[in-house]
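Me: I would be grateful for a close look at a single part of this protein, followed by an account of the surroundings of the ligand.

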Amino acid sequence: MPSYTPMIQQYLKIKARYTDCFLFFRLGDFYEMFFDDATKAAQELEITLTSRDGGGEERIPMCGIPYHASTNYIKTLVERGYKVAICEQVEDPKTAKGVVKRDVVQVITPGTVMEGAMLLENENNYLASVDCIDDHYTLSFIDLSTGELYVLTVDQFDRLKSEIYNRPIKEVVISDRLSTKEQHVLSDELQLTVSHHTLADTIDYASFDALLTNVDHNSLQQAVIRLIHYIRSTQQRSLEHVQPAEIIELSGYLGLDMHSKRNLELTETMMKKGKQGSLLWVLDQTVTAMGGRYLKKWLERPLLDERALNERYNMVEGLLDQFIERDALREDLQSIYDLERLSGRVAFGNVNPRDLQQLKLSLSRIPGLKQTLSTFTSPYLQTIGEDLDTLAELRDLLEQSLADEPPMTLKEGGIIQDGFDPQLDEYRDASRNGKQWINALEQQEREETKIKSLKIGYNRVFGYYIEVTKANLHLLPEGKYERKQTLTNAERYITPELKEKENLILQAEEKSLELELQLFTELREKVKAYIPRLQQLAERVSTLDVLQSFAVVSEQEGYVKPTLTKQETLTITEGRHPVVEKVMTDGMYVPNDITLDGETKMLLITGPNMSGKSTYMRQIALTVIMAQIGCFVPAESATLPVFDQIFTRIGAADDLVSGQSTFMVEMLESKHALDFATNNSLILLDEIGRGTSTYDGMALAQAIIEHVHDHIGAKTLFSTHYHELTSLSESLTQLENVHVSAEEHDGEVIFLHKIKPGPADESYGIHVAKLAGLPGSLINRANVILQLLESNQAEDKGAKIKETAVSFESLEQAVINKKAVSKAHQQTDDQLSFFAETKSVSSNSKTTRLEKKLKQLDLMSMTPIDAMNALFDLKKELQGEE
Ligand code: ADP
């Protein structure tokens, strides 16, 4: 190190404290990066990598970005999960002796960004802390832009994962008590920026008291303290807007594990990871950014409290009934800006005059909003209206102090209104008078000299000057003015009088700018005192916005108010899938009913692929979730119990990130449901077992059904293409078969998407393959094989399934048995193979002759009609034999 130049030594010293960040090192008008930071940043930001001599043996890699254009570069890095430490010159270079002092003034990380451009309007941005104490995991998270702070505890890492996954958490601060494996899950599987933070012994615990008023448990307090301490040590900014931590009692909300949130596409789709096509996309008719974030939060945490839910239904109903008033309400809400984030910026000290203008405008809409709410007949809406705080004093203060159209920045003045501060008015008068005087002077000089084009101008270097074009110089009496500057076409002059006025004007302007800045800072401090009230107002406005959104959607899409019941019965008549029906522009969605009660808790759904099994299952889950966030539901009528948790295993989403096979994911998700579900839960299992071989899969499917039936008693929908499983209804009293019907017309299959009682009796796999456009000859061949297999199946059918006694213990064994998993990799999902195995076909003596005939058929040279005829003959022969 000694051979490096002093500046590079300074860089290395600072960098040693910020090893996990890109260090943006301020050099003049640039932020420079050196060494590895430079190489990596050049790649990430696509900027030129250069090098410089730093005193060492080799040149140092270097790259830089202009200081004034840094926001976008920082944004790119932070969005990719990196942290950026901003290192500024902290003394005036002119007076510095030796190398200018520099220090890190801010560390920008994915969880701590505050700048508007780096935040999504409709989404919270959380920074979390995670710890593990006495076998319990604690999670605390904060949105620095809004000041919300939460804390919760869970007893298993899996649950912790779900809690993190279900929220827009971007970064997590962890303690060393987390195992390396757990740390990897957070960084690799959940793709979070992970920071380590140890609490120093010298920490001043009393300084956290205000945030811990609602939290009495030590481990929860520790989680909050770690989080806040991390922020305090990386962000040198005020945290006055942070609200006391709120404990989230998970038992008070509908449990949705991460698989379910993903599978049910509540806030984003699985394929494209976008909002479009998700439940949020259908429900979001909010008109404020706060409302948008609130709706997401409601979706993250559906309620269990029947009373609170009924209150929400009643308000939605009230809004639905009075559409003219609702429109007025929407209009009121539309002009309310993001009060939460404005409050955050006020506390952080980066609020600008335009922000306060937005606050002023928002507050000016509150009386109108109250008035609109009073026009509703619903007592709930009236009460919300009465409870709205108009913050009249704050509004008055802003109206009196803030100019009508203040600028974004603090540099140019024009922030404070005339008449607010006498001293400021005086300065402004001086400056205005001076300018008037100059205008008058221009007029007077023109008349005196008879030079019409004479003008008085201003620039930063020479100040005010009198300009005369060269063509008119002859009209100017010798020595009238003092020459200051010669241009190609004109001469510029000054007079002592002009300079005197200029002095007055500039002094007044400078003083007025200074004073404006001071007044603005005072104003900001005054606004700070209102932050808690502003946050409360924001919450009420957000609630209203979400409820009106529900009302608008319910009206547009024809949703009904659900009835919550304490009984075990779930009845949905003419239910629909909110997203699928919205995407289907032809209005052809086929509604379906469902009834589950104490006697029938499980439905085994059979039917061909593409018939609508998983859509049906999802629609039930989405209906339950919609009901438990307080929204109306897509059905003719719905009576629902309040579910405590929803578990799903739907679709074949390979977990590529964690490198697990489809089958392993399937088993893990099922295990999750089996571990945690209660008899008040809803379980959806779609095609369990298809990730492995037929018998394996069928055995596991049966064992799972039996386990849920005998030991859990949760309401369960289980779809399968293993027709053999339908005979389970004989032994499992609470299980019923239903199927999705399809019809065949002229060899084509038509899906009716209608759920009917009883098991499905045919497999339409080949028809689906045909619809998918597989070659005709291949389809013919498959039809021939199918006929053959079916003729043997009749005997075997049912027998196998009854023989297959698989205990739950052996299922668990299978989950952990690596052999089973690797076998799953080797074997493909062959839908047809379960009808019979080839061996059993050839061992059947009755069919030997037919088999021979079949073998002799040269399918490749036959036309489809020949094949049909041959098949017809074979079938006839077979029936004759039987
Ligand atoms: P399965 O799970 O039986 O393979 P899906 O539930 O995936 O079938 O449904 C396949 C397609 O059928 C869906 O993408 C949707 O377009 C359509 N579909 C499903 N249910 C309905 C319905 N009730 N009404 C209209 N179309 C439906």
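Reply: Glu88 is placed in strand β5, which spans residues 83-89. In this predicted model, Glu88 has a relative accessible area of 17%; because buried means under 20%, Glu88 counts as buried. The side chain of Glu88 is joined to that of Tyr31 by a polar contact of 2.5 Å. Tyr31 also appears among the residues in contact with Glu88 once neighbours within four places in sequence are left aside; the others are Arg26, Lys101, Arg102, Asp103 and Val105.

The wider setting is a protein divided into domain 1 (6-108), domain 2 (116-248), domain 3 (284-391 + 530-557), domain 4 (422-525), domain 5 (564-774) and domain 6 (786-881). Between the C-alpha centres of domain 1 and domain 5 there is a distance of 56 Å.

As for the ligand, 13 residues surround it, and the closest are Val590, Met610, Lys613, Ser614 and Thr615. By class, this shell holds 6 nonpolar residues, 6 polar residues and 1 charged residue. Helix α20 (residues 613-629) supplies the largest share of the shell, with 3 residues.

Several backbone atoms approach oxygen atoms of the ligand. For Met610, a backbone N or O atom lies 2.7 Å from a ligand oxygen. For Lys613, the distance from a backbone N or O atom to an oxygen of the ligand is 2.9 Å, and a backbone N or O atom of Ser614 likewise lies 2.9 Å from a ligand oxygen. The ligand taken alone exposes 570 Å², of which the protein buries 77%.

Terms used: Residues are numbered from 1 along each chain as its sequence is written. This is a predicted model: local features need pLDDT of at least 70, side-chain atom pairs count only at pLDDT 80 or more; totals for chains, interfaces and linings use all residues. Side-chain values use heavy atoms; hydrogens and water are left out. Domain bounds come from an automatic or database domain assignment. A residue is near a molecule or strand if one of its heavy atoms lies within 4 Å of it. A polar contact is a pair of N or O atoms within 3.5 Å; within protein, one must be able to donate a hydrogen and the other to accept it, and residues adjacent in sequence count only if both atoms are side-chain atoms. Accessible areas come from the Shrake-Rupley method with a 1.4 Å probe; for residues, only the protein chains shown count as cover. Helices (H or I, at least four residues) and strands (E, at least two) are DSSP runs, numbered from the N terminus. Ala, Val, Leu, Ile, Met, Phe, Trp, Tyr, Cys and Pro count as nonpolar, Asp, Glu, Lys and Arg as charged, and the others, Gly among them, as polar. Buried means under 20% relative accessible area, exposed over 50%, partly exposed in between (1.4 Å probe, protein chains only). Contact means heavy atoms within 4.5 Å.
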